[in-house]
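Let us take a walk through this structure together, one region at a time. Have the sequence and the 3D view ready, and turn the view as you read.

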Amino acid sequence: MSTVEERVKKIVCEQLGVKESEVQSTSSFVEDLGADSLDTVELVMALEEEFETEIPDEEAEKLTTVKDAVDYIESHSS
Amino acid sequence: MLEGQVVLVTGASRGIGSAILERFARAGATVIGTATSESGAAAIAGRISEQGWQGDGVVMNVGDAASVTEGIKAIGQNFGAPTVLVNNAGVTRDGLAMRMKPEDWDEVINTNLSAVYRTSQAVLKGMMKARTGRIINLSSVVARMGNAGQMNYAASKAGIEGMTRSLAREVASRGITVNAIAPGFIETDMTRELDESQRDAMLSAIPAGRLGEAGEVADLAVFLASEGAAYINGETIHVNGGMYMN
């Protein structure tokens, strides 16, 4: 079973069309990985699907880096 | 031509919506028509099965957020996420501006304009994922020309055109197009309410010398949903026999 971080990174690569080697845990979706605002919405949608969770809009806005997303998912999974 | 497409048409009981449902069904699409009442939805469902088309009639109040969200979710489960949305449902509450009641203003804006925001938002997730989709909004010639007695209606339709352009810019990169159709005077229950002098005045303003038929609007909707229209985006296309030219 992959770790949460591995699964998040995989989704980030798929959604943003970047290579796995470019994605660090501190990478910012917008500044480092070239995501635009629509990409970030889609990314959150994909994370919700992968982890079978709902991320409220006000929380989603705070998820700007890979680490943010991993932390959010780890603290909200049962 | 449109096999495999799941087309949601709001307000499909009568008039232009009914013609749009028919043309999409004949083009091979699965068609879901909405009505505000159980009997209206049953009538649409009955027509679809009678004709041997694919699809169903469903109850949806586009003026109500929960009804839209639940309705579109159910359609997704039963038929797959809509790939084409036709925002056709609309009402009129005509009256002179100076006497227009707040509820007549609110109802028209809510049913004609806010509804388009609700339904569009509800189908966008599926379209974004599919990397393709079509949203077709019904405007009206009065959005551009204005019409005495229709301040609320004209405002709602002009609003739809602005919404169409903004949304088109947002989602174009995902293969989704958002366009509007602005019919002029079409033979429907809405125009049949007019008396003879109003009708004559109307005809004198139409170079074609006749009212349009609902099918003449519906054919454009089918075209906009087709592959051939993939590069038309954010546009409002007029269908009015020449009464208003851009």
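In this predicted model, a good place to begin is B:V84, whose bridge partner in β5(B) is B:R134. One step along, B:L85 has B:I135 as its bridge partner in β5(B). These pairs belong to a parallel arrangement in which β4(B) and strand β5 of chain B, residues 133–138, are joined by four bridges. To get from β4(B) to β5(B), the chain passes through helix α4 of chain B, residues 102–130, and this β-α-β crossover is right-handed.

Now look at β4(B) on its own. In a regular strand, side chains alternate between the two faces of the sheet. You can follow this in residues 84–87: B:V84 and B:V86 point one way, B:L85 and B:N87 point the other way, and all are buried. β4(B) also pairs with strand β1 of chain B, residues 6–9, again in the parallel sense, over three bridges. There, B:V9 stands opposite B:V86.

Is β5(B) enclosed or open to the outside? Six of its six residues are buried, so β5(B) is largely enclosed by the rest of the structure. The cover reaches both faces, with B:G133, B:I135 and B:N137 buried on one side and B:R134, B:I136 and B:L138 buried on the other. β5(B) also runs parallel to strand β6 of chain B, residues 176–183, and six bridges join the two. One of the residues involved is B:L138, whose bridge partner in β6(B) is B:I181.

Next, let us look for empty space. The structure holds one cavity of 30 Å³ or more, and the largest cavity contains about 40 Å³ of space. Its lining includes B:N87, which we met in β4(B), along with B:T10, B:V62, B:N88 and B:A89. B:T111, B:A115, B:V116 and B:T119 line the cavity too. Which element gives the largest share of this lining? That is α4(B), with four residues.

The helix α4(B) returns when we turn to the largest pocket, which holds about 1800 Å³ of space. Of the 45 residues that line this pocket, the closest to its centre are A:V41, A:M45, A:E48, B:Q121 and B:K125. Elements from both chains give two or more residues to the lining: α2 and α3 of chain A, together with α3 (65–79), α4 and α6 (151–171) of chain B. Among these, α4(B) gives the most, with eleven residues.

A side-chain link in chain B is worth a stop as well. B:E22 is found in helix α1 of chain B, residues 15–26, and a polar contact of 3.1 Å joins its side chain to that of B:R47. Setting aside neighbours within four places in sequence, B:E22 is in contact with B:R47 and B:W53.

Finally, consider the backbone. Most residues other than glycine have a negative phi. A:E52 is not a glycine, yet it has a positive phi of about 45 degrees. A:E52 lies in the loop between α2 (37–50) and α3 (57–60) of chain A, and it counts as exposed because its relative accessibility is 75%, over the 50% cut-off. B:R131 has a positive phi too, of about 60 degrees, although it is not a glycine. You will find B:R131 in the loop between α4 and β5 of chain B, where it is partly exposed, with a relative accessible area of 40%.

How values were computed
Residues numbered from 1 in each chain as written. Chains lettered and ligands numbered in written order. Predicted model: local features only at pLDDT ≥ 70, side-chain atom pairs only at ≥ 80, totals over all residues. Heavy atoms only, no water. Buried < 20%, exposed > 50% of the residue type's maximum accessible area, 1.4 Å probe, protein only. Pairing = 2+ DSSP bridges. Right-handed = clockwise from strand over helix to strand, strands pointing away. Polar contact = N/O pair within 3.5 Å; in protein donor to acceptor, adjacent residues only side chain to side chain. Contact = heavy atoms within 4.5 Å. 1 Å grid on protein atoms, 1.4 Å probe; cavity = no way out; pocket = protein on both sides within 12 Å on 5 of 7 lines; lining within 4 Å. Points joined across faces, edges and corners; volume = space filled by probe spheres on them.
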